[in-house]
Every structure is written in structure tokens, then in C-alpha cells.
Amino acid sequence: MGTWGMGTFEDDDALDWLHDLEEQGLPILERALSMQLPEYLSAPDGQVLLAAAEVVAAMKGSPADDLPDAIDDWLRVQHAGAAHRLAPLAAQRVERVLGQHSELNDLWKENDEEYPEWRAYVLDLRRRLNG
């Protein structure tokens with residue numbers, strides 16, 4: 001896992017996806033949120049889902065405190081209407097990442113000390129999506 005912190009964008013997979021978002025725009029966001037999910041969600045797919053959900057939360061006006069500048073730049077040219085359409089799906093995907101069949105959740109659970117903080121971070125994302 002190329003992760004160096006708890007933040008959604010403190011991960012190689014999330015940053016790679018962010019680069020794709022900058023180049024390809026809204027279709028890559030929609031694709032990330034609507035992809036067919038396997039029974040056991042891989043950690044890289046989980047990171048992409050969290051990154052996509054963070055973008056939707058930011059589009060709704062509820063960005064994370066540690067949102068990368070690249071997303072701020074990208075948001076300036078996006079339509080808020082898409083956020084309201086994508087927010088319920090993004091919230092469902094966040095739930096999936098937090099579920100029993102999620103490698104990312106399992107990996108964080110292995111770290112007893114940091115898991116509660118990571119989970120709280122992801123639950124805050126869900127709150128921002130639903131708010």
C-alpha cells in the first residue's frame with residue numbers, strides 16, 4: 001500500500017486517479033463511482049472510491065481541510081449540478097469501503113492505534129456527502 005498518511009490523497013492510487021481526473025474530467029469521476037464492484041473490494045479500488053467521493057463532497061461545497069490544490073483548480077470549471085446527482089452514489093461507495101469485504105478497511109484495522117482515526121476521517125467524508 002503506497003500510503004503515507006490517513007488522508008484520502010496521502011496515497012499513490014488516489015493521486016494517480018486525481019491526475020486522470022485532471023486530464024479526463026467528469027467522465028472519470030462518474031466512471032469511478034459507477035464501476036462494478038467485486039465481492040471483495042481491493043485497497044486500490046477503495047482509495048479511488050474515497051478520492052472520487054472527496055471530489056463530490058468538494059463539489060457540494062463541503063471539501064476536506066486537506067484537499068489538494070489540483071482539485072480546487074478542477075472544481076472551478078465543474079457544474080455543481082453533477083454533485084447533487086453523484087452524492088448519493090458516492091456515499092454508498094464510502095459505505096462499501098468501510099464494509100466487511102474491503103481490503104482497505106481490513107488493512108487499516110490491522111493498525112489498532114490508527115484505525116479509529118482513519119475510520120473517523122472516512123465517516124466525516126460520508127457526513128459531508130450526506131449533508
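**An internal cavity in an all-helical chain**

A search of the whole structure, which is a predicted model, finds one cavity of 30 Å³ or more. The volume of the largest cavity comes to about 50 Å³, and 13 residues form its lining. Of these lining residues, Met6, Gly7, Thr8, Gln47 and Trp118 are the ones that lie nearest the centre of the cavity. Two helices, H3 (43-59) and H7 (115-130), each supply at least two residues of the lining, and the largest share, amounting to three residues, comes from H7. When the lining of the largest cavity is divided by class, six residues are nonpolar, five are polar and two are charged.

The chain in which this cavity is found has a secondary structure of seven helices and zero strands, so that, read along the sequence, the pattern is α-α-α-α-α-α-α. The radius of gyration of the chain is 13 Å, close to the 14 Å that the globule rule gives for 131 residues, and the chain is therefore as compact as a globular protein of that length. Taken along the principal axes, the box filled by the C-alpha atoms of the chain is roughly 40 × 30 × 30 Å.

With respect to burial and surface, 44% of the 131 residues of the chain count as buried, while the accessible surface of the chain comes to about 6,700 Å². Carbon and sulfur atoms account for 47% of that accessible surface. As for contacts within the chain, among those between residues at least 6 apart in sequence, 68% join residues that are at least 24 apart.

A single loop residue may be described in further detail. Ser102 is found in the loop between helix H5 (80-97) and helix H6 (103-109). The relative accessibility of Ser102 is 0%, and because buried means under 20% relative accessible area, Ser102 counts as buried. When residues up to four places away in sequence are not counted, Ser102 touches Tyr40, Leu41, Arg96 and Val97. Of these partners, Arg96 and Val97 fall within the range given for helix H5 (80-97).

How values were computed: Residues numbered from 1 in each chain as written. Predicted model: local features only at pLDDT ≥ 70, side-chain atom pairs only at ≥ 80, totals over all residues. Heavy atoms only, no water. 1 Å grid on protein atoms, 1.4 Å probe; cavity = no way out; pocket = protein on both sides within 12 Å on 5 of 7 lines; lining within 4 Å. Points joined across faces, edges and corners; volume = space filled by probe spheres on them. Helix = DSSP H or I, 4+ residues; strand = E, 2+ residues; numbered from the N terminus. Nonpolar A, V, L, I, M, F, W, Y, C, P; charged D, E, K, R; others polar. Rg over C-alpha atoms; globule rule 2.2 N^0.38 Å. Buried < 20%, exposed > 50% of the residue type's maximum accessible area, 1.4 Å probe, protein only. Contact = heavy atoms within 4.5 Å. Areas by Shrake-Rupley, 256 points an atom, 1.4 Å probe, with all protein chains shown as cover.
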